[in-house]
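Here are some notes for a colleague who is opening this entry for the first time. They take the surroundings of the ligand first and then turn to the interior of the protein.

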Amino acid sequence: MTSVISATGLWTPKDSISNEELVVAFNAWSNKWNAEHSDAIAAGTKEAKPLSSAEFVEKASGIKSRYVISKAPILNPDIMAPRIPERPNDEISILAEISVAAAKDALAKTGRQPEDIDAVIVACSNLQRAYPAIAIEVQDALGTGGKTGGFAFDMNVACSSATFGIETARGLIAGGQAKSVLVCNPEMCSAHLNFKDRDSHFIFGDVATAILVEADSIAPAGAWKILGSKLATQFSNNIRNNFGFLNNAAPEGIGNDDKLFIQNGRKVFKEVVPLVASLITEELDNSGISTNQIKRMWLHQANLSMNTLIAKKVMGKDVDMDMAPVVLDEYANTSSAGSIIAFDKHSDDFEAGDTGLICSFGAGYSAGVVVVRKT
Ligand code: COA
């Protein structure tokens, strides 16, 4: 059975941090650390912390700012992390709350009611707890599923969670489990970012997106028909986060840098660009679509040069921002939500018959491409 994307939704935090603000905080922390460890640095037993630069950040990544849920503590050199107090169990969790906000935006665009939704998938890079599933909390908060309540579950494929989520929803629809599936991508990336690591302190921002995937038989006017999709994974240690339940069984490692996001950005860049370009080309071949039929690529938003290079490899020529729109300048890397923000903000000009592709990539490595046509 054919599936469509009926609508997408977006929730953006109100506060944003510019590169300049972030670098001032990082450098204050770095100078303070160096002063506190001046004897060890002079004796050669500790290495001085280097300074960051706003010019480097924009040049190397294309990022100018990022939205965050908790701004002040991130910019406080004595904290350098967001501060989001634990909530009692009878209050909605933060990940469910921002998922619901993005979901309401998607639902409002289609006129669908929560009870029209059969299943909820929360697909994102970091889940705030093991159970109960955030998706079941979203199901409960929205009141999805009509009389039986339907079902909900969480999944994590890092930055590729949204495309893997769309494909999972498509499978549920094809298998007759559901006709309407809500996929939410709550990405609170600031909480797994090491703001004391110069190589990566600028990379991420917070956001939530939602995608309503439905059977063609109930598609609203103007829905996006899914023409084809391809997923790929390939093991790599170049992007890791070793935070997990087994940390409790190895207390000596708690608080180490590897319990937050850590990457070898250069290697990621070099290895992921060809992997993603071939995946897109393969999927276009499979779907019998030529590159000149592609009006736009809504790519994962990690690095501007990376996207320019991927788009160039796929199209066989230089492309402009109309072909591969950029949101990372304003949002930074928002993990799985990035390509969906780009789609949400840059698809209104599509007319019936226009074709484009959503593509995500990241840790694992993982990559997913979904080809869509406006109806
Ligand atoms: N400020 C100033 N200088 C910095 C810096 C900072 N914040 N961070 C690194 N540098 C320095 C490095 O020390 C290095 O100096 P050297 O040449 O003297 O050794 C130089 O700048 C280049 O560093 P490098 O890490 O090689 O930069 P880069 O050009 O590879 O850019 C990334 C870094 C992270 C922006 C880039 O590699 C990237 O985006 N990669 C892909 C990441 C990705 O997609 N990840 C997926 C996450 S889900």
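1. The shell around the ligand is made up of 8 nonpolar, 6 polar and 3 charged residues. Please keep in mind while reading that this is a predicted model, and that every value below is computed from it.

2. Of the 17 residues around the ligand, those that come nearest are Ser52, Arg198, Gln263, Arg266 and Asn303. Helix H3 (54–61) and helix H8 are the elements that give two or more residues to this shell, and H8 provides the largest share of it, with 3 residues.

3. Which atoms of the protein lie 3.0 Å or 3.2 Å from a nitrogen atom of the ligand? In the case of Ser52, an N or O atom of the side chain is 3.0 Å from a ligand nitrogen, whereas Ser53 places a backbone N or O atom 3.2 Å from a nitrogen atom of the ligand. Gly265 also takes part through its backbone, with a polar atom 3.0 Å from a ligand nitrogen. On its own the ligand has 970 Å² of accessible area, and the protein covers 72% of this.

4. Away from the ligand, the largest nonpolar core has 50 residues, and Ile280, Met297 and Leu357 are those with the most contacts inside it. At least two residues of this core come from each of helix H1 (19–36), helix H8 (265–286), strand E11 (294–299), helix H9 (304–315), strand E12 (355–362) and strand E13 (366–374). H8 gives the most, with 9 residues, and H8 is also the helix that supplies the largest share of the ligand shell.

5. Ile280 is a useful residue from which to view this core: leaving out residues up to four places away in sequence, Ile280 touches Leu299, Ile310, Val314, Leu357, Cys359 and Val369. There is also a second, separate core of 35 residues, and among its members are Ala123, Val157, Ile166 and Ile341.

6. Why can helix H11 (residues 338–345) be called largely enclosed by the rest of the structure? The reason is that 7 of its 8 residues are buried, namely Gly338, Ser339, Ile340, Ile341, Ala342, Phe343 and Asp344.

7. A last point concerns Arg170, which lies in helix H7 (residues 161–174). Arg170 counts as buried because its relative accessible area is 19%, and the cut-off is under 20%. Apart from its neighbours within four places in sequence, Arg170 is in contact with Ser3, Val213, Ile226, Gly228 and Ser229.

Key: Residues are numbered from 1 along each chain as its sequence is written. This is a predicted model: local features need pLDDT of at least 70, side-chain atom pairs count only at pLDDT 80 or more; totals for chains, interfaces and linings use all residues. Side-chain values use heavy atoms; hydrogens and water are left out. A nonpolar core is a set of buried Ala, Val, Leu, Ile, Met, Phe, Trp, Tyr and Cys residues joined through side-chain atoms within 4.5 Å. Buried means under 20% relative accessible area, exposed over 50%, partly exposed in between (1.4 Å probe, protein chains only). Helices (H or I, at least four residues) and strands (E, at least two) are DSSP runs, numbered from the N terminus. Contact means heavy atoms within 4.5 Å. A residue is near a molecule or strand if one of its heavy atoms lies within 4 Å of it. A polar contact is a pair of N or O atoms within 3.5 Å; within protein, one must be able to donate a hydrogen and the other to accept it, and residues adjacent in sequence count only if both atoms are side-chain atoms. Accessible areas come from the Shrake-Rupley method with a 1.4 Å probe; for residues, only the protein chains shown count as cover. Ala, Val, Leu, Ile, Met, Phe, Trp, Tyr, Cys and Pro count as nonpolar, Asp, Glu, Lys and Arg as charged, and the others, Gly among them, as polar.
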